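Let's walk through this fold by asking a few bench-style questions. Have a look at the model first.

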Amino acid sequence: MDQTTFIQQVNPFKDKVYRVAKRLLVSDDEAQDATQEILLKLWTHRSKFAQYRSVEAFAMTMTKNYCYDKLKAKSSSNLKIVHNNYEDHSWNTGRQVEVADEVAWVFKLMKDLPKQQQLIVQLRDIEQFNNSEIADMLEMNETAVRVALSRARKTLREALIKKQNYGIQ
C-alpha cells in the first residue's frame, strides 16, 4: 500500500481518533501525541489492513488501549479519565460564574487603588513581570516596588474578605 492509499483510508477517521484521545486524556497536547502515535502504528500495520473488517474500529481500539496505557503509566501529571456522564455540570457552571464574578470584583477593586499600585499589581500579578523588571520599568527602587505591591495586595485582600463576609454589596 502506498502513502496516497493509506491517507485515503485513514483520513475519514483521523479526527475521530483525536476526539477519543482528547476525551480520555483531557490534555490537548497528549491527545495530539496519541493521535500521532496511532497513525504511526497504523502506518506500520498497513500491510494487514485487508485482514481487518474495519480499519476504523481497529484504530479506535488502538486509541483506547494506548490512552489507557498512558493513564496507567501516569506518564503525565495532567492526565485523568473523564466520565462526562457523571460530572455535575451545574456545579462547574456555577463555579465558573462565581470565579468570573470574583475576578471582575478584583479588577473593580484595583481601580480604587492609587495609580502606582494599580500599575504594579497589573505588571506583577497579571503580566507576570518580576520585581526587578518592574523597578526598571517604573524607575523605582526594588524595595519600593515590594512595599507598594504588598500594600496593594493587603488592600485587595481586605476588601475581598469584607465582600465575602457580606460587608460590601
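A salt bridge here is a side-chain nitrogen of Lys or Arg within 4 Å of a carboxyl oxygen of Asp or Glu. Bear in mind that this is a predicted model, where local features need pLDDT of at least 70, side-chain atom pairs count only at pLDDT 80 or more, and totals for chains, interfaces and linings use all residues. Residues are numbered from 1 along each chain as its sequence is written, and side-chain values use heavy atoms, with hydrogens and water left out.

Q: How many salt bridges does that rule give?
A: Side chains of opposite charge can pair when their charged atoms come close. Going by the nitrogen-to-oxygen rule, the count of salt bridges is four.

Q: Which residue does E56 meet in a salt bridge, and what is the N to O distance?
A: Helices here are DSSP runs (H or I, at least four residues), numbered from the N terminus, while strands are E runs of at least two. The partner of E56 is K16, and the N to O distance is 3.1 Å. E56 belongs to helix α4 and K16 to helix α2, so this pair ties together parts 40 residues apart in sequence. To restate the pairing, it is E56 with K16, at 3.1 Å.

Q: Is E30, the partner of K70, buried or exposed?
A: K70 and E30 meet in a salt bridge at 3.7 Å, N to O. That pair links distant parts of the chain, with K70 in helix α4 and E30 in helix α3, 40 residues apart. Buried means under 20% relative accessible area, exposed over 50%, and partly exposed in between (1.4 Å probe, protein chains only). E30 has 14% relative accessibility, so E30 counts as buried.

Q: Which residue forms a salt bridge with D125?
A: The closest N and O atoms of this pair are 2.5 Å apart, and the partner is R153. The pair links distant parts of the chain, D125 in helix α6 (residues 115-126) and R153 in helix α8, 28 residues apart. D125 is partly exposed at 33% relative accessible area, and partly exposed at 33% is also the label for its partner, R153.

Q: Which helix gives the largest share of the largest nonpolar core?
A: A nonpolar core is a set of buried Ala, Val, Leu, Ile, Met, Phe, Trp, Tyr and Cys residues joined through side-chain atoms within 4.5 Å. The largest one has 20 residues, and F13, V17, A34, I38, L42 and C67 have the most contacts inside it. Two or more residues come from each of α1 (3-10), α2 (14-25), α3 and α4 (55-73). The largest share, eight residues, comes from α4.

Q: Where is E139, the residue with a positive phi although it is not a glycine?
A: Most residues other than glycine have a negative phi, and most peptide bonds are trans. E139 has a positive phi of about 55°. E139 counts as exposed because its relative accessibility is 73%. Its place is the loop between α7 (131-138) and α8 (142-164).

Q: Is D33 in helix α3 buried or partly exposed?
A: D33 lies in helix α3, which spans residues 28-44. Its relative accessibility is 40%, so D33 counts as partly exposed.
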